[in-house]
Amino acid sequence: MKGFGKYIWMSVGVALMACTTVSCSDFLEENPKGQLPSKGYFKDKSALDASLNALYSIVATSQASNNFCGTNFLAGDDISTHPSSNKQPLREHDQFSVADNNSWLSSMWEQRFKVIKAANFIINNAGETPGASEEEIHSTLGQAYYWRAFSYFYLVTTWGPVPVTLKEEIDYNAPLSSVEDIYTLIVEDLKKAEEWCPALYEKEPYGRDGFNLAVSEGAVKATMAYVYMCMAGWPMNKGAEYYRLAAQKAEEVIDKADQGEYYYKLLDEYKKVYSWEYSSKNPEVLLGIFYNRDQTAQSVPLTDILQDMKQVGWGDTNGEIKFWKEFPEGPRKEATYFPKIMLSDGKLYDWWYDTEPASREVVAPVFMKTVEGAVRGTEFDYTDPSPVNASGEKTIQVIRLSQVYCWYAEAMGRSGQVTSKAVEVLNRVRNRADGKKSDVYSMELTPEKLAEAAYNEHGWEIAGYYWGGLASRARDMFRMYRLKDHFEYRKQNPMIEVAPGVMRNEKVPVSGTWDDSKMYSPYPYEDAILNPNLHR
């Protein structure tokens with residue numbers, strides 16, 4: 001979406017230029033520290049547009065590399081990292097032993113508050129923009145409320161209690177708000193976004209060719225569904241009532257899509273979901289973050305490729321073996337992992353290949369979802385030995401329709417119900433995954449088995465795709481309080497038969513004794529120095 005990215009960055013320039021048009025005396029008296037000038041900024045619709053596009057540029061940056069958004073995705077059972085190299089910031093999460101001076105913590109924390117600050121600027125000042133219609137103002141405010149909610153959701157599921165700021169300035173003595181209070185704010189913000197974000201954007205840069213490029217009503221409803229599921233689970237444990245709320249919101253999305261009020265639908269083949277062909281026109285993406293080569297690019301492609309592969313990866317992440325082993329065979333699995341890996345000799349091998357004695361540092365399945373072709377903007381071919389680019393242009397998929405199907409089925413099951421609709425939409429997911437009408441789920445399922453089937457299907461749908469998504473596998477395990485079980489499993493680290501007579505296990509060791517502080521990341525050390533409230 002070339003024009004979209006260009007429009008965003010041009011608008012950022014306009015917004016930032018506003019900071020340089022105030023006098024020197026104003027800077028000395030007000031000490032704005034880089035803030036957009038609140039008073040008098042929203043003089044017309046162009047300022048409204050510029051402020052929103054500046055917000056989107058900050059969102060895009062905050063999700064554009066794993067050191068900005070990577071946090072505790074490695075606690076999940078689908079993904080691991082390198083046992084040495086320079087992967088300590090990742091490895092600490094993989095080992096459930098994160099230090100407060102972890103070099104990624106401060107940037108991940110900072111990026112969330114940058115988004116919140118930009119959203120607050122709009123929320124607090126854009127309400128009466130001259131020359132803008134009520135619809136235009138509400139649409140802008142709705143998107144700002146959404147991204148503030150999104151950021152606080154990230155914060156509360158990563159750190160738990162955090163400072164809440166509803167203003168543009170930073171308060172270094174802000175007290176911590178409770179998890180419940182933060183969720184109350186998140187829901188309030190999402191309800192405003194649900195009311196004000198349109199179902200379809202018909203004008204650029206927020207809509208193009210019948211596709212939404214910004215937060216839509218459907219995306220907000222889907223987000224609400226998952227937020228309610230998290231409130232139903234750990235640590236709030238609100239239970240069946242909130243699972244019913246989650247199912248209601250998910251069902252609204254499903255019904256509107258089935259009735260044609262929303263354009264969202266599943267692609268017919270799973271391999272298309274993460275293909276370059278559908279990167280900018282994927283009908284099952286309810287919310288995406290778009291990039292282009294001229295203005296900004298994300299550094300996704302190299303990170304999931306092992307360091308000893310011919311395509312020359314960074315080796316940041318790889319698949320966990322038990323999850324790969326239990327992953328159902330079929331087109332979905334074939335599109336999720338490299339079918340074969342090419343090592344430095346240019347030959348293709350099974351991922352479990354090693355020499356005798358062992359010579360490979362990492363022997364693990366490798367995810368293939370984020371990789372682009374050697375030429376940016378092309379499909380990736382795992383048999384092509386050409387090194388891939390360090391930066392790519394693939395759309396970051398924040399929410400997909402198949403996830404909403406899974407959330408609906410799981411929420412129904414956990415609320416104690418099995419319905420034909422829940423079974424039917426879960427079969428939509430599995431039939432596409434199998435590449436045939438298998439209909440493996442039936443009304444004979446108990447509510448618990450329906451919920452677990454949906455939980456597992458969701459994990460397989462998004463396995464290894466942690467990049468900026470609303471609901472990673474780790475976040476699913478967090479809300480279900482299953483990270484402790486995975487911690488104990490990783491401590492044992494048993495050998496697994498990955499092929500006849502071939503045994504492999506994880507390379508990153510896990511040790512210690514579990515306590516619930518491991519559910520959260522520590523507050524960044526440098527921020528805790530500034531705010532004495534940031535101490536556990």
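1. Leu-530 lies in helix H18, which covers residues 525-530; helices (H or I, at least four residues) and strands (E, at least two) are DSSP runs numbered from the N terminus. Leu-530 counts as partly exposed because its relative accessibility is 46%, where buried means under 20% relative accessible area, exposed over 50%, and partly exposed in between (1.4 Å probe, protein chains only).

2. The model is predicted: local features need pLDDT of at least 70, side-chain atom pairs count only at pLDDT 80 or more, and totals for chains, interfaces and linings use all residues. Residues are numbered from 1 along each chain as its sequence is written, and side-chain values use heavy atoms, with hydrogens and water left out.

3. Leu-530 also belongs to a nonpolar surface patch of about 310 Å², together with Ile-170 and Tyr-172. Patch residues have over 30% relative accessible area and no salt bridge, and nonpolar side chains (Val, Leu, Ile, Met, Phe, Trp, Tyr) are joined within 5 Å, like charges within 9 Å. A salt bridge is a side-chain nitrogen of Lys or Arg within 4 Å of a carboxyl oxygen of Asp or Glu, and accessible areas come from the Shrake-Rupley method with a 1.4 Å probe, only the protein chains shown counting as cover for residues.

4. Ile-170 and Tyr-172 appear again at the largest pocket, being among the residues nearest its centre with Trp-109, Phe-113 and Asp-527. This pocket holds about 640 Å³ of space and has 24 lining residues. (On a 1 Å grid over the protein atoms alone, a pocket is an open set of points with protein on both sides within 12 Å along at least five of seven lines; a cavity is a set where a 1.4 Å probe fits but cannot get out; lining residues have an atom within 4 Å of a point.)

5. Helix H6 (105-125) and H18 are the elements that give two or more residues to the pocket lining. H6 gives the most, with eight residues. By class, the lining has eleven nonpolar, four polar and nine charged residues.

6. There are nine cavities of 30 Å³ or more, and the largest has a volume of about 140 Å³. Among its 15 lining residues, Cys-69, Tyr-154, Tyr-466, Gly-469 and Arg-475 are the closest to its centre. Helix H7 (residues 134-158) gives the most to this lining, with three residues.

7. Pro-283 sits in the loop between helix H10 (240-258) and strand S6 (285-289). Pro-283 is buried because its relative accessible area is 8%. Its C-alpha atom is 7.0 Å from that of Leu-267, 16 residues apart along the chain.

Conventions: Points joined across faces, edges and corners; volume = space filled by probe spheres on them. Nonpolar A, V, L, I, M, F, W, Y, C, P; charged D, E, K, R; others polar.
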